[in-house]
Amino acid sequence: MSTDHHFNDPRQTIADLQQQIRSLERGTVSTEITIRKTGCLALDTMFPQQGVRPGSLVEWIESGTASGAGTLSLLIGRQVCQPMRPIFLIDPRQQLYPPSLAALGIDLSRLVLVRPTTKRDALWACEEALRSRSAGIVWAQIDHLSVTAARRLRLAVEDSESVCFLIRPHQALQQPSWAEVRLVVEPQPSHSESPRYRVSVAYSQGRTLRSTTDIQIDRHRGTIDEFSHPATKGSLLLVS
């Protein structure tokens, strides 16, 4: 899949060519890629191809504790996961519980929850899940990632044509990355039961239509909607 504006971006052009070369090496040239939509148009525009591309590695960067990066990425992971395929969640922090995941709309019959006790095991589980080629999505909390390990994950996810979401601390922005997109999530004040977050593009391999957006998660429906500031609508202009 290609869009005209990508040809104006050298990084996206190089990424597309690399993907085609790897497809040729595997003997499977993909002429059409189905982009997975996040369920929120504003978030779709923060990806180079207006949604999540199968075979892509995406990093969700936490702005701090309780940033919302984990919850938001799980909701989007549920949305972009290929139908009927397993959902691998690598949880070294041991923060995920099946009842809470079910409340987010995750199908527990497809869930593979892994709780490694070491960072090395977490990375191994993530790569093995991708190399199984059966995963609909692999979601993992990975604090530190060497350049070599990041490269291995990138190759594994491209070969699997699954999607890999990594949840990473803010310090990871200082480290090299092989992610196609890096998104920073920050909590925002909310006057309702539904939490709000600001999502910003820290890095993208291709040009995106938007670099920052505010979204709100509907606590009851589990949907993600763009949040428009009421004060900007029909606000009273004051003059001195």
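Strands E7 and E8 are paired in the antiparallel sense over five bridges. Within this pairing, Arg198 has Asp214 of E8 as its bridge partner. The model described here is predicted.

**The sheet**

The E7–E8 pair belongs to an open sheet of nine strands, with mixed pairing and the order E3-E2-E4-E5-E1-E6-E7-E8-E9. E3 and strand E9 (224-226) stand at the edges with a single partner strand each, so one side of each has no neighbour in the sheet. From one strand to the next, the twist averages 25 degrees.

On one side of E7 in this order lies E6. Strand E6 (residues 181-188) and strand E7 (residues 196-204) are antiparallel and share eight bridges. One of the bridge partnerships places Val185 with Val199 of E7. Strand E8 (residues 212-217) also runs antiparallel to E9, to which three bridges join it. Here Gln216 stands opposite Asp225 in E9. In a regular strand, side chains alternate between the two faces of the sheet.

**The nonpolar cores**

The largest nonpolar core holds 34 residues, of which Leu43, Trp60, Leu72, Phe165, Ile215 and Ile224 touch the most other members. Helix H3 (residues 69-80) supplies the largest share of this core, six residues. A second, separate core has 21 residues, including Cys126, Leu145, Ala150 and Cys164.

Beyond residues up to four places away in sequence, Leu72 touches Leu43, Trp60, Val185, Val199, Ile215, Ile217 and Ile224. Among these contacts of Leu72 are Val185 and Val199, the residues that form a bridge partnership between E6 and E7.

Ser73 is also found in helix H3. With a relative accessible area of 0%, Ser73 is buried. A polar atom of the Ser73 side chain lies 2.9 Å from the backbone oxygen of Gly70. Leaving aside neighbours within four places in sequence, Ser73 is in contact with Trp60, Trp139, Phe165 and Ile167. Trp60 is thus listed among the contacts of Ser73 and among those of Leu72.

**A buried glutamate in E1**

Glu59 is located in strand E1 (residues 56-62). Its relative accessibility is 1%, and Glu59 therefore counts as buried, the cut-off being under 20%. The side chain of Glu59 makes a polar contact of 3.3 Å with the side chain of Arg168. Another polar contact, of 2.7 Å, joins the side chains of Glu59 and Arg182. Apart from neighbours within four places in sequence, Glu59 is in contact with Leu145, Leu166, Arg168, Ser177, Ala179, Val181, Arg182 and Leu183. Of these residues, Leu145 is included in the second core.

**Helices H5 and H6**

The spans of two helices, from the first C-alpha to the last, are set out below.

| Helix | Residues | End-to-end span | Expected span |
|---|---|---|---|
| H5 (119-131) | 13 residues | 18 Å | 18 Å |
| H6 (147-160) | 14 residues | 20 Å | 20 Å |

In H5, the buried residues are Ala122, Ala125, Cys126, Glu127, Ala129 and Leu130. The buried residues of H5 pack against strand E2 (87-90), strand E3 (111-114), strand E4 (137-141), helix H6 (147-160) and strand E5 (163-168). H5 is followed by Arg133, which has a positive phi near 60 degrees.

In H6, the buried residues are Ala149, Ala150, Leu153, Arg154, Ala156, Val157, Glu158 and Ser160. An α-helix has 3.6 residues a turn, so residues three or four places apart point the same way. Arg151 is found in H6 and is partly exposed, with a relative accessible area of 29%. Arg151 and Ala179 are 28 residues apart in sequence, and their C-alpha atoms are 8.9 Å apart in space. Ala179 is also among the contacts of Glu59. Just after H6, Glu161 adopts a positive phi of about 60 degrees.

**An exposed loop residue**

Thr34 is placed in the loop between helix H1 (10-26) and helix H2 (41-44). At 55% relative accessibility, Thr34 counts as exposed. Thr34 and Arg53 are 19 residues apart along the chain, with 7.2 Å separating their C-alpha atoms.

Notes
Residues numbered from 1 in each chain as written. Predicted model: local features only at pLDDT ≥ 70, side-chain atom pairs only at ≥ 80, totals over all residues. Heavy atoms only, no water. Helix = DSSP H or I, 4+ residues; strand = E, 2+ residues; numbered from the N terminus. Buried < 20%, exposed > 50% of the residue type's maximum accessible area, 1.4 Å probe, protein only. Polar contact = N/O pair within 3.5 Å; in protein donor to acceptor, adjacent residues only side chain to side chain. Contact = heavy atoms within 4.5 Å. Expected span 1.5 Å × (residues − 1). Core = buried A, V, L, I, M, F, W, Y, C linked by side-chain atoms within 4.5 Å. Pairing = 2+ DSSP bridges. Axes fitted to C-alpha atoms, helices over the stretch in contact; angles between N-to-C directions.
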